[in-house]
Amino acid sequence: MTDPYTILGVSPDVDEAALRWRYLELVRQNPPEKRPRQFAEIREAYEHLRDPVSRLEKQVFQVQGHESLDDIVANLQSRVQAARIPTETLLSLSGI
Amino acid sequence: MATKSKRRSRGRSIAVSIDHVKRNLDRGDFKRALKDARVCHRQSPTPEHRCFLEHAYIGRAQQLMRNGLAEDSRRIIRELLDLGVTEPSVGAGLPELLLAVGMLDCLPQDHDALTDDQRDRLRIKAADQAVVKPESTPKSMLELQDDAYRIRAALQAVEQGDESAALGHLRDIPRQSPFADWKYFVRGLIAYYQHDKTGTMANWDRLDADRTAARIAAPLKVVAGMASPQHDNNLTLCSNISRLEKLTSNRTVLGKLTRLREFAADHDWPQLLKTLRMVRGALRDLDPGVYRRLVSCLCGVFVHDGLVKELDQLSRIVDPPPIDPHWNRAKAIAYGNTDFYDDEDDAEKYWRKYLCDLENLPALSPTQRDLARGMVWLRLAEGCVIDATRFRNCRCGADHGPDIEEAEGRARDAFEQCLTLAPAYSPGYAAAAGFHAAADRPEEAAGVYRRLLEHAPDHLDALLFLAKHHISRGNPLKAREFALCAREQKPLDRETGELLWSTHVGAARELARTEQFDKARDAVAAADRLLPARKDDYDVLARKAVLEIKAGNAGDAQRFVEQAQEVLGEPTALWLAMTVETIRYDLPWQEVCLYEQRWRQSLKRRCRSETASLMCQVLGAQLETSSQPSSRNEAHVRNLLQYVSRCSRVKWRQEDLRRVCEFLEKMAELKLLTKFAKQGMRKFPEVGYFHWLMGMMEMEKGPFKFSRHLTIYRFQQAIKLASKSSDLRDKQIVENAKRCLGLVEAASPDCVHLDDDGDDLDEYSEGCYDNDIDGLSPEEMREIIRTTCERAGLDPEAVLDEIINSKPKK
């Protein structure tokens, strides 16, 4: 699983109310009937972080990162890949 | 100044020779070469000088074109065309250059040296150029423009996310067209945006590597992870990848990360750390989010694999995470994950350091700090409990009493710290209660849960524990209070319902003993309402009968007894239930003896599967709740065991045989248990419980006599069969069998040292011998051998004789 903080776009020191507000905002943007994959990801990330005690428990005892290096590189690659490149920029890569 | 300049110019023109031109052409300094060639040609317009001048012109024009100075390039080309091209090699390169600068139409009419091949190549280049720069399409090839516009329209449609329109634009381009390459490119681009690697590669692998489309696709392939930048180590590609990254994030970290990933894949940690040291600053500045994730990822890898040295190096390179400012937490976990036993001490050392860090950690609020410290104290307490258990299970024969006491003392202190700092943290209470319960200190365990209820009055585990605790202490009225609260939490839970039912039944007994018969009847009625299916069971009817006897309603009591007899058919179990209940209800001695006598008489009857099972159930439950052993109980057990021992030829029902075996397990009647376990295996091989029982019986033979393979097979079968069952008891069997199987499998087949729980104690007990054997007296040594032999199922005297008779020869 990708880092839940990254999925929700919050910092590790986010408080409970801000976390819930952000979660609801993302759910509105990614309704399950239209974007089920994104919704599932957001839901899983929120479940991971919602209980402050278990969150602190994980912070204290879990050093294992949520992501592998492959995940981080793939995430970055997909970010770059997802952006549509303007036609003129694309053609300028030819060097002509 | 002017004079000086003229003087220098004159001096230079004299010095210029054709050698300079040659040298500059070879070096690729076309600017200087052209300057010198012009001078040489002006001074002496020989054919040789003209040849060099033409080469210098075309070289310079190509150079300017490559550098993006198209206008300057065109100016130079015009000069060349004015001069005229006589050199064939210059003439050969001219058409492509003219095309590139958009002057193909200026190609001299007499320039007919082009072969068909060259013309085709030129046409392909013109097609590529028409796509990239439609305005520079030569007038002589205007027919290319239509298809070029189609390709551009398709690319624009892809940019806008309209894939079907893009494919529509491509439809009219024939396969033999010079634009066919672009069709593959556009299709591949659509797949690229859809993250479809297969589709992308299927199209882009067909591109002509020398053409424009392949050059555009190259950096995109790297970005999509379909190609490595190292495989094509050219500057243009790298700069194009950076351009794409910047386009989306204004950052260029992908290349650096890719390098780190390759080192990590090879487990080349020194190289990875060296690279990280070089790029850490750039990474942090470029993308702090990625930097944070990277540090967390690497830290996670080192900690998980127990790579303490690498973690230490990492801690010197990167900033610590806010939660762990001195890396003590990460080191503690890493030491806990290493394979060496001694590292446990290092782990504890770092956890204690981390406790100090937590006291003033700015990343956490004061409440969180206390909670986190409580959690760490709990971790330390659990470590101490493990130490105490190791000492307790050690079979070296040495006296570990003081060690156990010391470890338990540390555990107590750590638990206390945990509960004080984090009073609402329930795992701390559960662990502390478990610690006391395992050491047979039920009152202290109950005290821990009472303390939890002060902070969380509805905590279900605490309520259930205290209800069970009070039942076992013979205080059902108190137990009922907790059970009622638990029932409110989980009104549909079966286990909670049965617990509450037991407390109602127990409460009825307690109330009857204090002659509050109406309240006692209310409690019985509540039990009936709770589990209506049980209200006509023979044992429930027996309890009701005894209650009425106690209340002096002999008629009602007789009615319940008759009803129970009707339910049972064969009354032996009923008489036992009545005997047990009359004792528990404190009925007069004569009353007890009456039913006991009836039971003893009934025991002489022919043995029945159901009767044996029911009696085992009644007496098993009675023994569980009776706080202290009594001679009467012992006599009852003896009588029942005699009955059961006569049951070898009974036609067993599966459930009955299982209940009898469970009772024999509790009574530790190994001989009878083995007999019935074998019967169970023979008659009901499909029941996992009997396989588990046989596995346990095999283990009971001791480490030197048991068959490892047979035991493993039994447990495997038990897991397989019990997993299919919906019986709650079988779930427990699966768990027990898995635990035992793990322990037996972990034990070496050649030298198996198992404790009661099956723990492999080789490592620790060997250590004890090594450390302590020199200081032992002969008596102590004899005692160790005796204890070890007993546990191993060997005769100590025989072993001692063997040791004495096999003294090492000098």
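**Exercise 1. A tryptophan in a loop**

B:Trp327 sits in the loop that joins helix H17 (308-317) to helix H18 (328-337) of chain B. Keep in mind that you are working with a predicted model. Your task: find the sign of phi of B:Trp327, and decide whether B:Trp327 is buried or exposed.

*Solution.*
Step 1. Start from the usual case: most residues other than glycine have a negative phi.
Step 2. Now look at the backbone of B:Trp327. Its phi is near 65 degrees, a positive value in a residue other than glycine.
Step 3. Count the neighbours. B:Trp327 has 23 other C-beta atoms within 10 Å. The cut-off for a buried residue is 20 or more, so B:Trp327 is buried.

**Exercise 2. An aspartate to set beside it**

Repeat the analysis for B:Asp440: where does it lie, what is its phi, and is it buried or exposed?

*Solution.*
Step 1. B:Asp440 belongs to the loop between helix H22 (426-438) and helix H23 (442-455) of chain B.
Step 2. Phi of B:Asp440 is positive, near 60 degrees, and the residue is not a glycine.
Step 3. Within 10 Å there are 8 other C-beta atoms. A residue with 12 or fewer counts as exposed, and therefore B:Asp440 is exposed.
Step 4. Put the two side by side: B:Trp327 is buried, whereas B:Asp440 is exposed.

**Exercise 3. Between the two cut-offs**

Classify B:Arg121 by its surroundings, and state how far its C-alpha atom is from that of B:Pro178.

*Solution.*
Step 1. Locate the residue: B:Arg121 is part of helix H7 (residues 116-132) of chain B.
Step 2. Its count is 15 other C-beta atoms within 10 Å, which makes B:Arg121 partly exposed.
Step 3. B:Pro178 is 57 residues away along the chain, and the two C-alpha atoms are separated by 9.6 Å.

**Exercise 4. An enclosed helix**

How many residues of helix H12 (residues 212-223) of chain B are buried, and which residue with positive phi follows H12(B)?

*Solution.*
Step 1. Go through H12(B) residue by residue. The buried ones include B:Thr212, B:Ala213, B:Ile216 and the run B:Ala217, B:Ala218, B:Pro219 and B:Leu220. B:Lys221, B:Val222 and B:Val223 are buried too.
Step 2. That gives 10 of the 12 residues, so H12(B) is largely enclosed by the rest of the structure.
Step 3. After H12(B) comes B:Gly225, with a positive phi near 75 degrees.

**Exercise 5. Two helix pairs**

Two packed helices are described by the angle between their axes and the distance between the axes. Describe the pair H25(B) and H26(B), then the pair H4(B) and H6(B).

*Solution.*
Step 1. Helix H25 (residues 476-489) and helix H26 (residues 494-513) of chain B pack at about 150 degrees, and their axes are 8 Å apart. That angle makes H25(B) roughly antiparallel to H26(B).
Step 2. Their crossing is left-handed. Among the contact residues are B:Leu477, B:Ala483 and B:Leu484 of H25(B), and B:Leu500, B:Thr503 and B:Ala507 of H26(B). By class, this contact has nine nonpolar, five polar and four charged residues.
Step 3. For helix H4 (residues 47-66) and helix H6 (residues 88-100) of chain B, the angle is about 25 degrees and the axes lie 11 Å apart. H4(B) and H6(B) are therefore roughly parallel to each other.
Step 4. The crossing of H4(B) and H6(B) is left-handed. Its contact residues include B:Ile58 and B:Met65 of H4(B), with B:Leu94 and B:Leu97 of H6(B). They divide into seven nonpolar, three polar and one charged.

**Exercise 6. Two chains and their contact**

Summarise chains A and B: how many helices does chain A have, how many does chain B have, and which helix of chain A gives the most residues to the side that touches chain B?

*Solution.*
Step 1. Chain A has six helices and zero strands; chain B has 41 helices and zero strands.
Step 2. Compare burial: 28% of the 96 residues of chain A count as buried, and 38% of the 810 residues of chain B do.
Step 3. Turn to the interface, where 37 residues of chain A are in contact with 53 residues of chain B. On the chain A side, helices H4 (52-61), H5 (69-82) and H6 (87-92) each give two or more residues.
Step 4. H5(A) gives the most, with 11 residues. By class, this side of chain A has 18 nonpolar, 12 polar and seven charged residues.

Key. Residues numbered from 1 in each chain as written. Chains lettered and ligands numbered in written order. Predicted model: local features only at pLDDT ≥ 70, side-chain atom pairs only at ≥ 80, totals over all residues. Axes fitted to C-alpha atoms, helices over the stretch in contact; angles between N-to-C directions. Helix = DSSP H or I, 4+ residues; strand = E, 2+ residues; numbered from the N terminus. Parallel < 35°, antiparallel > 145°, perpendicular 65-115°, else oblique. Left-handed = near helix turned anticlockwise from the far one by under 90°. Contact = placed C-beta atoms within 7 Å. Nonpolar A, V, L, I, M, F, W, Y, C, P; charged D, E, K, R; others polar.
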